[in-house]
Structures are given as structure tokens and as C-alpha cells.
Amino acid sequence: MRLETERLVLRLPDRDDLDGYAEVFGDPKVMKSLGSEPKTREETLTWIERKRWHWERYGIGLFSLIRKSDERLLGRTGFLMWDPERWISAMRADLEGELETEIGWTLGSEHWGHGYATEAAVACRDWALGELGLTRLVSVIAPGNIGSIRVAEKIGETLEREDLPAPFPQRVDLYSLGKLPAR
Ligand SMILES: CC(C)(COP(=O)(O)OP(=O)(O)OC[C@H]1O[C@@H](n2cnc3c(N)ncnc32)[C@H](O)[C@@H]1OP(=O)(O)O)[C@@H](O)C(=O)NCCC(=O)NCCS
């Protein structure tokens with residue numbers, strides 16, 4: 001799977017992305033926004049493998065963002081499945097049944113503020129709603145993460161629910177586009 005925008009190529013994460021991701025996930029500034037501690041190279045490699053598993057398991061997943069001008073890995077954007085009751089993601093458990101599809105974004109801090117997250121997220125949203133025929137996307141975002149909330153709003157998401165019952169130390173809210181399924 002591969003998507004392309006004006007400045008970016010979005011492709012599946014690969015073991016060769018380890019150096020690039022080690023920089024992104026080793027950055028305390030990035031990880032603080034995600035409510036987590038910096039990751040080691042070993043943890044980052046496990047993460048890449050889990051992401052590849054996610055694509056195989058659910059036919060959707062996170063893309064590596066590669067800047068066309070210099071082939072630099074800027075971060076990730078794409079999809080992650082969630083259990084809509086417990087708010088546990090498929091990065092932590094092998095989920096089954098009716099799941100929510102999250103659209104998410106993370107860039108290395110030196111690349112913030114250039115419109116890359118929005119550019120990548122628009123391409124991902126259009127692919128999911130178009131080619132995949134999805135009718136709903138969500139984003140799980142901490143209330144203080146203004147940059148992330150702005151990206152969510154720019155792709156057409158609005159605040160749906162505050163303070164999800166998710167197993168995180170910080171409060172998270174649910175942004176969405178499309179209709180809430182009947183459950
Ligand atoms: C959130 C994140 C992906 C945004 O990436 P980005 O490429 O800088 O975003 P964009 O440049 O596309 O900006 C989108 C909008 O948000 C605004 N914005 C971005 N960061 C902002 C910030 N820290 N404060 C206020 N506004 C911000 C931009 O000005 C832009 O709005 P505008 O077009 O109306 O001016 C990036 O900050 C990041 O990776 N953060 C750490 C990881 C993270 O928090 N991920 C999300 C978890 S829910």
C-alpha cells in the first residue's frame with residue numbers, strides 16, 4: 001500500500017525505518033505529547049513489527065511518512081483499531097468484533113508546524129472513505145494537545161465524547177467524523 005501527496009510518500013513501515021523512528025520515539029518532546037516515555041531502539045523495532053502485523057491482521061494501519069525532497073522519514077500517520085468499550089488499541093491486544101478505526105499522526109519535533117500532518121491525514125482520510133468505503137473515523141486526543149486537535153478539525157472531525165474510559169494516566173477525548181454506529 002502506498003499513497004502520495006505533493007510533498008510526501010506514505011508507505012508501510014519497514015525494519016529499515018528503525019533509525020528514523022528511533023529518533024522520533026526517542027524524543028521526549030514527542031513522547032510527552034503521547035503521554036509516554038521515550039522508547040529504546042529495541043522497543044521501537046518491536047513497535048515497527050507490531051505495526052506490520054496490524055496491516056496484515058486488519059488490512060489497514062499506520063504509514064511511514066517519507067519526504068520526497070530528501071527521502072527523510074518524518075514520522076507516521078494512518079490507522080489503528082480500537083475496542084470501543086474498553087478503549088484498548090490493537091497495539092496492546094488482538095481485538096475482534098466491531099471496532100473503531102482511529103486516524104492518528106505523529107511527527108519528529110523538528111518537522112512540526114509545516115503542514116505535514118494535515119497533508120498526510122487528508123490523504124489517509126480520503127483513501128479510507130473512498131477506496132476502503134469506511135463511513136466513520138475517530139481520533140483519541142488529550143485535551144491539551146492543541147496541534148493534534150487542530151489536525152483533527154482540519155480533516156473534518158469534531159469533539160464527540162469527553163474523558164473516554166481508557167486505561168491511560170491522562171484524560172483523552174474522542175473526535176470523530178461520520179455517524180456513531182448503533183450498538
Ligand atoms: C500533532 C502533530 C502531529 C501536528 O503536526 P504538524 O505537522 O505540526 O501539524 P500541521 O502543521 O499540519 O498543523 C495543523 C494545524 O495545527 C496547528 N498547530 C500545530 N501544532 C500546534 C501547536 N502546538 N499549537 C497550536 N497550533 C498548532 C497549525 O498551526 C495548523 O493550523 P492552521 O493551519 O490553522 O495554522 C505534531 O505536533 C506531533 O507529532 N506531536 C507529537 C505527537 C502527537 O501528539 N500526536 C497526536 C497524538 S493524539
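Around the ligand stand 22 residues that count as near, meaning that the C-beta atom of each, placed from the backbone, lies within 6 Å of the molecule, and the closest of these 22 residues are S33, A117, T118, G147 and R150. The elements that give two or more residues to this shell are helix 2 (28-33), strand 5, helix 4 (116-129) and helix 5 (146-154). This is a predicted model, in which local features need pLDDT of at least 70 and side-chain atom pairs count only at pLDDT 80 or more, while totals for chains, interfaces and linings use all residues. Residues are numbered from 1 along each chain as its sequence is written.

**The shell around the ligand**

- Helix 5 gives the largest share of the shell, with six residues; helices (H or I, at least four residues) and strands (E, at least two) are DSSP runs, numbered from the N terminus.
- The shell divides into ten nonpolar, ten polar and two charged residues, where Ala, Val, Leu, Ile, Met, Phe, Trp, Tyr, Cys and Pro count as nonpolar, Asp, Glu, Lys and Arg as charged, and the others, Gly among them, as polar.

**The chain as a whole**

- The chain holds five helices and eight strands, and along the sequence these elements follow the pattern β-β-α-α-α-β-β-β-α-β-α-β-β.
- The radius of gyration, taken over C-alpha atoms, is 15 Å, which is close to the 16 Å that the globule rule gives for 183 residues, so the chain is as compact as a globular protein of that length; the globule rule is 2.2 Å times the number of residues to the power 0.38.
- Taken along the principal axes, the box that the C-alpha atoms fill is roughly 45 × 35 × 30 Å.
- Of the 183 residues, 31% count as buried; a residue is buried if 20 or more other C-beta atoms lie within 10 Å of its own, exposed if 12 or fewer, and partly exposed in between, with C-beta atoms placed from the backbone.
- Among the contacts with a separation of 6 or more, 58% are between residues 24 or more positions apart, two residues being in contact if their C-beta atoms, placed from the backbone, lie within 7 Å.

**Helix 4**

- For the 14 residues of helix 4, a rise of 1.5 Å a residue gives an expected span of 20 Å, and the end C-alpha atoms are 20 Å apart, which agrees; the expected span is 1.5 Å times one less than the number of residues.
- The buried residues of helix 4 include Y116, A117, A120 and C124, and A117 is also one of the closest residues to the ligand.

**Paired strands**

- Strand 2 (residues 8-11) and strand 3 (residues 62-67) run antiparallel and are joined by four bridges, with L10 having L65 as its bridge partner in strand 3; two strands pair if DSSP finds at least two bridges between them.
- Strand 3 is also joined to strand 4, by five bridges in an antiparallel arrangement, and here S64 stands opposite R76 in strand 4.
- Strand 4 (residues 73-82) runs antiparallel to strand 5 (residues 100-107) with eight bridges between them, and the partner of W82 in strand 5 is E100.
- Both strand 3 and strand 5 are mostly covered, since five of the six residues of strand 3 are buried and six of the eight residues of strand 5 are buried.

**Loops and positive phi values**

- Most residues other than glycine have a negative phi.
- E71 takes a positive phi near 60° in the hairpin of strand 3 and strand 4, which has five residues between the strands; E71 is exposed, with 9 other C-beta atoms within 10 Å.
- The C-alpha atoms of E71 and L8 are separated by 8.9 Å, although these residues are 63 residues apart along the chain.
- W87, in the loop between strand 4 and strand 5, has a positive phi near 55° and is partly exposed, with 16 other C-beta atoms within 10 Å.
- D163, in the loop between strand 7 (158-161) and strand 8 (173-177), also has a positive phi near 55°, and D163 is exposed, with 10 other C-beta atoms within 10 Å.
- P143 lies in the loop between strand 6 (137-141) and helix 5 and touches R171 and D173, not counting residues up to four places away in sequence.
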